[in-house]
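This briefing is for a reader new to the structure. It takes up one helix and its cover, then a sheet, then a pair of packed helices.

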Amino acid sequence: MHGTVTVVDKGAVRVHSYMAPDDSLNVTTQLIETPARVIAVDAQYALAYADEVVAHAQGLGKPIDRLIVTHAHPDHFHGAARFGAPVHALPAVRAQIAAQGAVQDPTGILIPVADITPTVEITPGTEVIDGVPFVFEAVTGGEAADELVIKLPEQGVLVAQDLVYHGIHLFLGNNDIAGWQRAVEQLAADSSYDTILAGHGLPAGPEVYEGLRRYLADARELLGDDGEAYKKAILERYPPHGGPFLIDIGNQYLFGAQGA
């Protein structure tokens, strides 16, 4: 296996958090194992790594009930068809994915739009799946225009995905640092969750919020009108962080070819 799987045991629920290697942006897929099934969250960037996730899920001996796609960034939905399960998303996220049309994975494999478009719309609220309450909340603004947060209140698990990065450089291409800061404060205000699942990086505890606050504040200070200058400054400030290519991708959105 090229990716890294971290297992968080919460009794009736076990979370298998798969983090892709560096060449696929350290993006994570969460496999939430309930007593009789598996709920997958986000579908990887490279199809080969989606296949690794599915192989791990199949090894649990339980069916994949559904795949939930939290937002419309390609690294979270390219591998959707590999899961062989209904794909769920917020209506806004579904529309944003469909609007992108056919895509290519990092190796150049063409992925038809039908393979990535969610078919089941998520309504915010609580749904009991296999006896486990899942709370679905929609968040507007931040790392993406629209994102889904999933809470498992009985287990103290918060599936934050790309509202939380853990030890990985942030993608700022949505150009909404202030919105991201507000979202982090809202998440951090609820102290009932001791396990925070990140969209890039390993599972964490509530201490991850302080690092996010600091990074976002620094990014707001350092981000001017020169992408290369920003990259140099943020790398110097956070030398241990992984995923520097995420800075390059964000700079392409913010500055065009100049920041690539």
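**Helix H1 and its surroundings**

In this predicted model, the cover over the buried residues of helix H1 includes strand S2 (13–19), strand S3 (28–33), strand S5 (64–68) and strand S8 (110–111). The points below start with H1, follow the strands of the sheet, and end with helices H5 and H6.

- Helix H1 is made of 12 residues, 47–58.
- At 1.5 Å a residue, H1 should span 16 Å, and its end C-alpha atoms are 16 Å apart, so the expected span and the model agree.
- The buried residues of H1 are Leu-47, Tyr-49, Ala-50, Glu-52, Val-53, Val-54 and Ala-57.
- Strand S2, which is part of the cover over H1, has six of its seven residues buried, so S2 is largely enclosed by the rest of the structure.

**The sheet**

- Strands of a sheet pair through backbone hydrogen bonds, in either a parallel or an antiparallel way.
- Here seven strands make up an open sheet with mixed pairing, and their order is S1-S2-S3-S4-S5-S6-S9.
- S1 and strand S9 (120–121) stand at the edges with a single partner strand each, so one side of each has no neighbour in the sheet.
- Strand S1 (residues 4–10) pairs with S2 in the antiparallel sense, over seven bridges.
- Val-7 has His-16 in S2 as its bridge partner.
- Two residues lie between the strands in the hairpin of S1 and S2, where Gly-11 takes a positive phi near 80°.
- S2 also pairs with S3 in the antiparallel sense, over six bridges.
- Met-19 has Thr-28 in S3 as its bridge partner.
- Strand S6 (residues 87–89) and S9 run parallel and are joined by two bridges.
- His-88 has Val-120 in S9 as its bridge partner.

**Helices H5 and H6**

- Two packed helices are described by the angle between their axes and the distance between the axes.
- Helix H5 (residues 208–222) packs with helix H6 (residues 227–237) at an angle of about 150°, and their axes are 10 Å apart.
- The crossing of H5 past H6 is right-handed.
- On the H5 side, Tyr-215, Asp-218, Ala-219, Glu-221 and Leu-222 take part in the contact; on the H6 side, Tyr-230, Ala-233, Ile-234 and Arg-237 do.
- The residues of this contact between H5 and H6 comprise six nonpolar, three charged and no polar ones.

How values were computed. Residues are numbered from 1 along each chain as its sequence is written. This is a predicted model: local features need pLDDT of at least 70, side-chain atom pairs count only at pLDDT 80 or more; totals for chains, interfaces and linings use all residues. Side-chain values use heavy atoms; hydrogens and water are left out. Helices (H or I, at least four residues) and strands (E, at least two) are DSSP runs, numbered from the N terminus. The expected span of a helix is 1.5 Å times one less than its number of residues. Buried means under 20% relative accessible area, exposed over 50%, partly exposed in between (1.4 Å probe, protein chains only). Contact means heavy atoms within 4.5 Å. Two strands pair if DSSP finds at least two bridges between them. Axes are lines fitted to C-alpha atoms, for helices over the stretch in contact, and angles run from 0 to 180 degrees between N-to-C directions. A crossing is left-handed if the near helix is turned anticlockwise from the far one by less than a right angle, and right-handed if clockwise. Ala, Val, Leu, Ile, Met, Phe, Trp, Tyr, Cys and Pro count as nonpolar, Asp, Glu, Lys and Arg as charged, and the others, Gly among them, as polar.
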